Amino acid sequence: MQSWRIRPARRVRGVWRPPGDKSITHRAVILGLLAHGATEIEGFLESDDCLRTLRMAQQLGASAERVGAAHWRIVGRGGQPLQEPADTLDAGNSGTAARLMAGVLAAQPFFSVLTGDESLRRRPMRRVVEPLQRMGARIDGRDGATRLPLAIRGGALRGIHYLTPVASAQVKSCLLLAGLHAAGVTEVAEPCLSRDHTERMLHAFGATLEQQMSDAGAHRVRIAGGQRLEGQRLTIPGDFSSAAFWVAAALLLSGSDLTIEHVGVNPTRTGLLEALAQGGVHLEWQAVGEQAGEPTATLRVRAQPIGAMRIGGALVPSLIDEAPILALLATQAHGETELRDAAELRVKESDRIEAITTELRTMGAQIEPLPDGFRVQGPTPLHGAEVHSHGDHRIAMTLAIAGLIAHSGETVVHDVACVQTSFPEFESLLQALVEA
Ligand code: S3P
């Protein structure tokens, strides 16, 4: 099993452009598959998760050509039915690949089987299966069709109105993709706005959507079936969730000064910055423009003290993937930090509440798991230790940053191959951005 050995570092410095956004790359591939003509994607995140989606698109009849580094050209099916896949479709570790593809497959007039790795086969699928069945799809699967593998016999769907019990961009996107090929209108309502990349990208490919936000923050989106998508040229913005690890390193290592260029700053993703602002943290940033219908910016991060944070409610979906690194930041914040309303963390690539509290405690943190989050007392000096990723990329990377900011000793992070799912470049940055 691959491990990293990490020594405490002095600071991080440099100018860096993060790799393409994972969520947006998945969507570009899927809409490229469904669109008329060619879709050119620059800044494509060539990670395991996104390459799984690309492989599935090829099995469904798209052609894909690598034009250069992080640059792909996809020719879609142009509104024709997709091709029945000759073999199972394997989403690997990726919940986004599995759940979004389920929405695509449910509307296709053929049989397909969708599966994933051991972690993904444990994760809940009922949240997409149940509404897709209501739209008319025939889906069977393990555990009463609540876990992968799923066997999908797709066909004519009808639009539904659906209220998602949790704000989940994967569920919303699955239903919008199914709705694109359903009769009538599909409406998805969510208790608060989850990441809206699918809405933005459908719009960029020429689809019409209607969206509404209530005063209380609830969100509704409607899509009419039978719309035509046109292939596009896209540049994927840098992944804020990948940048977040280095934002944390720069904030916590004194003397650090890191400039992060062309990073996506869609407000449905940057809740970590709002949480940090609560803790008195000031980041300099300059808006750059728009890429693929998404706002981008240059962020400059310098080391500074962090105050306690209280996080819950509508802010949670916009920082859900940053919870592990937020836990680490909280160990160095002055006072008691609490994250609540984040029970979803228990069904991510690992049980992230359990994983991060166990591992950070091994390094000396005062962190307590809660049913729907965690409570952290800070600041506490961390020490090097042997820690485990739980097979989860974001836990592995958080622990590597914890090793850099530790006051003493070496940290060994075990089982780090999972980092390939989202951020293959991470390991090389442990040298490129870090001063020993
Ligand atoms: C994602 C949505 C989020 C997020 C995941 C990626 C997406 O999950 O945690 O890493 O690309 O739509 P949920 O929608 O299940 O909350």
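Me: Hey, how do β24 and β25 pair, parallel or antiparallel?
Reply: β24 and strand β25 (residues 411-414) run in the parallel sense, joined over 3 bridges. Strands are DSSP E runs of at least two residues, helices are H or I runs of at least four, both numbered from the N terminus, and two strands pair if DSSP finds at least two bridges between them. One bridge links His-388 to His-414 in β25.

Me: Anything I should know about the model itself?
Reply: It is a predicted model, where local features need pLDDT of at least 70 and side-chain atom pairs count only at pLDDT 80 or more, while totals for chains, interfaces and linings use all residues. Residues are numbered from 1 along each chain as its sequence is written, and side-chain values use heavy atoms, leaving out hydrogens and water.

Me: OK, what order do the strands take in the sheet with β24?
Reply: The order is β1-β25-β24, an open sheet of 3 strands with mixed pairing. β1 (3-6) and β24 (386-388) are the edge strands, each pairing on one side only. On average, neighbouring strands there are turned by 20° against each other, direction ignored. Axes are lines fitted to C-alpha atoms (for helices over the stretch in contact), with angles from 0 to 180 degrees between N-to-C directions.

Me: And which strands sit at the edges of the sheet β4-β5-β3-β16?
Reply: That open sheet has 4 strands and mixed pairing. β4 (63-68) and β16 (233-235) are at its edges, each with a single partner strand, so one side of each has no neighbour in the sheet. The twist from one strand to the next averages 20°.

Me: How many bridges join β4 and β5?
Reply: There are 5 bridges between β4 and strand β5 (residues 71-75), in the antiparallel sense. Gly-68, for example, has His-71 in β5 as its bridge partner.

Me: Switching to helices: at what angle do α5 and α7 cross?
Reply: Helix α5 (residues 126-134) and helix α7 (residues 169-179) cross at roughly 30°, and their axes come within 9 Å. That makes α5 roughly parallel to α7 (under 35 degrees; over 145 is roughly antiparallel, 65 to 115 roughly perpendicular, the rest oblique).

Me: Which residues of α5 meet α7?
Reply: Arg-127, Val-128, Pro-131 and Leu-132 in α5 meet Val-171, Cys-174, Leu-175 and Ala-178 in α7. Contact means heavy atoms within 4.5 Å.

Me: Last one: is Thr-186 buried or exposed?
Reply: Thr-186, in strand β13 (residues 185-190), counts as buried because its relative accessibility is 1%. Buried means under 20% relative accessible area, exposed over 50%, partly exposed in between (1.4 Å probe, protein chains only).

Me: What does Thr-186 touch?
Reply: Leaving aside residues up to four places away in sequence, Thr-186 touches residues including Met-135, Leu-175, Val-221 and Arg-222.
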